[in-house]
Amino acid sequence: MYHILNNLLIPASCALCDSTAITDVDLCTDCLDMLPPNDRCCNACAQPLPIDETSILCGDCIGRKTRFARAIVPYLYRPPIDYMVKRLKFSGDLKFSRIVGQLLNRAASQAPCPDALIPVPLHPNRYAERGFNQADLLARHLAKSLPIPVLRGAVSRLKDQPAQSKLTASQREKNLQGAFRANLSLTDKHIAIVDDVVTTGATARALAQQLRKAGAREISLWAVARTP
Ligand SMILES: [Zn+2]
Ligand SMILES: [Zn+2]
């Protein structure tokens with residue numbers, strides 16, 4: 001009881017500097033302003049665009065037959081966002097899973113609401129190793145304020161892949177063929193794929209391909225950060 005009252009009466013403090021936090025994110029105004037925005041980016045995949053680029057799509061997306069309806073990826077994967085995401089991803093730190101979820105929630109609340117969220121699944125071996133799926137933690141956080149379900153188990157990850165970060169974009173695409181399988185019909189649904197970080201977008205695209213096969217009408221990509 002004391003704990004509940006305490007939470008109601010004392011404003012949360014900033015997770016980075018201990019000043020008083022704003023209401024919807026556990027960060028103070030100064031720390032929030034320090035986060036690196038990804039505001040000049042491709043509308044479909046969130047790849048940062050050159051400042052003088054006038055198109056709303058990147059060269060990759062213009063050439064694609066299918067692409068995401070929209071990408072909500074509000075920050076660049078740079079300090080201090082990278083620190084927060086690592087705390088979420090590698091230690092499942094609840095404090096930071098909450099903040100990363102709050103940041104994504106802020107950005108996603110401006111976008112059209114999808115019918116359901118699908119977190120990028122981990123392969124069962126990875127899940128057993130880590131004990132949690134960071135994308136799932138974020139989706140659960142989003143579902144607290146959005147009136148839509150998280151379709152856990154809607155997609156299986158069939159291939160246990162080593163870290164992809166050292167591979168080229170085309171090697172990634174090749175590696176991801178047959179990596180996912182949809183387990184239920186998504187006919188006419190608008191789905192938002194939820195992940196922590198988007199690197200090349202290859203994983204989300206491979207997943208989206210299976211969701212389209214399962215009938216999804218529209219697919220959005222929601223993540224907190226994009227690698228520059
Ligand atoms: Zn602060
Ligand atoms: Zn793009």
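Modeller: Before we start, "buried" means under 20% relative accessible area, "exposed" means over 50%, and "partly exposed" is in between, with a 1.4 Å probe and protein chains only. Also, this is a predicted model, where local features need pLDDT of at least 70, side-chain atom pairs count only at pLDDT 80 or more, and totals for chains, interfaces and linings use all residues. Residues are numbered from 1 along each chain as its sequence is written, chains are lettered from A and ligands numbered from 1 in the order in which they are written, and side-chain values use heavy atoms, leaving out hydrogens and water.

Biologist: Okay, so what share of the 228 residues counts as buried?

Modeller: That's 48% of the chain.

Biologist: And how many helices and strands are there?

Modeller: The chain has 9 helices and 7 strands. Those are DSSP runs, numbered from the N terminus: H or I of at least four residues for helices, E of at least two for strands.

Biologist: New topic: which residues hold the zinc ion (ligand 2)?

Modeller: Its protein donors are the SG atoms of Cys-42, Cys-45, Cys-58 and Cys-61, 2.3 Å away. Donors are N, O and S atoms within 2.8 Å of the metal (3.2 Å for Na, K and Ca); water is not among the atoms, so sites may look incomplete.

Biologist: How are those donor residues spaced in sequence?

Modeller: The pattern is C-x2-C-x12-C-x2-C.

Biologist: Are Cys-42 and Cys-45 buried or exposed?

Modeller: Both Cys-42 and Cys-45 are buried.

Biologist: Why is the zinc arrangement called tetrahedral?

Modeller: Because the 4 donor atoms subtend angles of 108 to 113°. Four donors count as tetrahedral if all angles lie between 85 and 135 degrees.

Notes:
Four donors count as tetrahedral if all angles lie between 85 and 135 degrees; four count as square planar and six as octahedral if opposite donors are over 155 degrees apart and all others between 65 and 115; anything else is irregular.
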